[in-house]
Structure formats: C-alpha cells, structure tokens
Amino acid sequence: MTTDDAPEPADDDFTAAGSDGGEGAGGPAALTEQEQALLAVERRSWPGPGAKERAVREGLGLSPTRYYQLLNALLDDPRALAHDPVTVNRLRRIREERQRRR
C-alpha cells in the first residue's frame, strides 16, 4: 500500500483534486476549504455586533461585503446543500423572506 492508497483526508483537509468545483466519477466535487469556512462562520453563534465581521476579516481575509457575496452564491450550490443542509436551508429561508419583504 502506497501513500496514494491512504484514506481520504478529514473534512478540514483538502487536496487540489477535490477542490476544483467540477464533477468526478463519484458525483459533485467537495466544497473548497474557503467554501466550507464560509458555512462554518454561519453555523456559529456570535456574541455581539461586530464579532462576526471581525472574524470574517481576520479569519478569512475577506471584507464583509465580499463574504456575503460569496455566501449568497454558495447557497445556490448543490454541493453546499449536501455538505451542510441545516445551515444552507436556514440561510435560504432567511434570504427568501427578505426577498418577499422587498
């Protein structure tokens, strides 16, 4: 058995082959590390105003505006739904409610 035959990495570890966004023989490719990090931020609860934005800037290196642009696009990605259905469905409901109020 070579290192190429080793088991797949944990959810937090990614290989370049698994993060290209394309589909392989086994179905849709896994989310990229950044995409998983976006969903992880949304899973957390935040203690007060500004904490989430600070975490986005420091932890992800993104402006809050860019973060929300990427997150909104990710909500329409079936890979995100497969990865974290509870978070994605919650965020989709919130987005739809805001759209209805406009």
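What covers the buried residues of helix 1? Keep that in mind while you make the selections below. The model is predicted.

**Stop 1: helix 1.** Select residues 33-43, which form helix 1. Colour E35, Q36, L38, L39, V41 and E42, which are buried in this helix. Now show what lies over them. The cover includes helix 2 (51-60), helix 3, helix 4 (78-83) and helix 5.

**Stop 2: the nonpolar core.** Stay with L39 and add Y67, L74 and A80. These are the residues with the most contacts inside the largest nonpolar core, which has 13 residues. Helix 1 (33-43), helix 3 (64-74) and helix 5 (85-101) each give two or more residues to this core. In soluble globular proteins, nonpolar side chains tend to be buried together.

**Stop 3: Y67.** Centre the view on Y67. Its relative accessibility is 0%, so Y67 counts as buried. Show its partners beyond four places in sequence: L38, V41, E42, K52, V56, L60 and L62. Among them, L38, V41 and E42 are buried residues of helix 1.

**Stop 4: the aromatic pair.** Which rings form the edge-to-face pair? Select Y67 and Y68. The structure holds one aromatic pair, and the rings of Y67 and Y68 make it, with centres 4.9 Å apart. Their planes stand at 75 degrees, over the 60 degrees required, so the pair is edge-to-face. Check the surroundings of each ring. Y67 is buried, at 0%, whereas Y68 is partly exposed, with a relative accessible area of 36%.

**Stop 5: T87.** Move to helix 5 and pick T87, which lies in it. Is T87 buried or exposed? Its relative accessible area is 4%, under the 20% limit, so T87 is buried. Leave aside the neighbours within four places in sequence, and T87 is in contact with L39, E42 and R43. L39 and E42 are both on the list of buried residues in helix 1.

**Stop 6: R44 and W46.** Draw a C-alpha to C-alpha distance from T87 to R44. It reads 10.0 Å, for two residues 43 apart in sequence. Then follow the R44 side chain outward from its backbone. Its charged end sits over the ring of W46, 3.9 Å from the ring centre.

Terms used: Residues numbered from 1 in each chain as written. Predicted model: local features only at pLDDT ≥ 70, side-chain atom pairs only at ≥ 80, totals over all residues. Heavy atoms only, no water. Core = buried A, V, L, I, M, F, W, Y, C linked by side-chain atoms within 4.5 Å. Buried < 20%, exposed > 50% of the residue type's maximum accessible area, 1.4 Å probe, protein only. Helix = DSSP H or I, 4+ residues; strand = E, 2+ residues; numbered from the N terminus. Contact = heavy atoms within 4.5 Å. Phe/Tyr/Trp six-rings, centres within 6.5 Å; stacked < 30°, edge-to-face > 60°. Lys NZ or Arg CZ within 6 Å of the ring centre and 35° of its normal.
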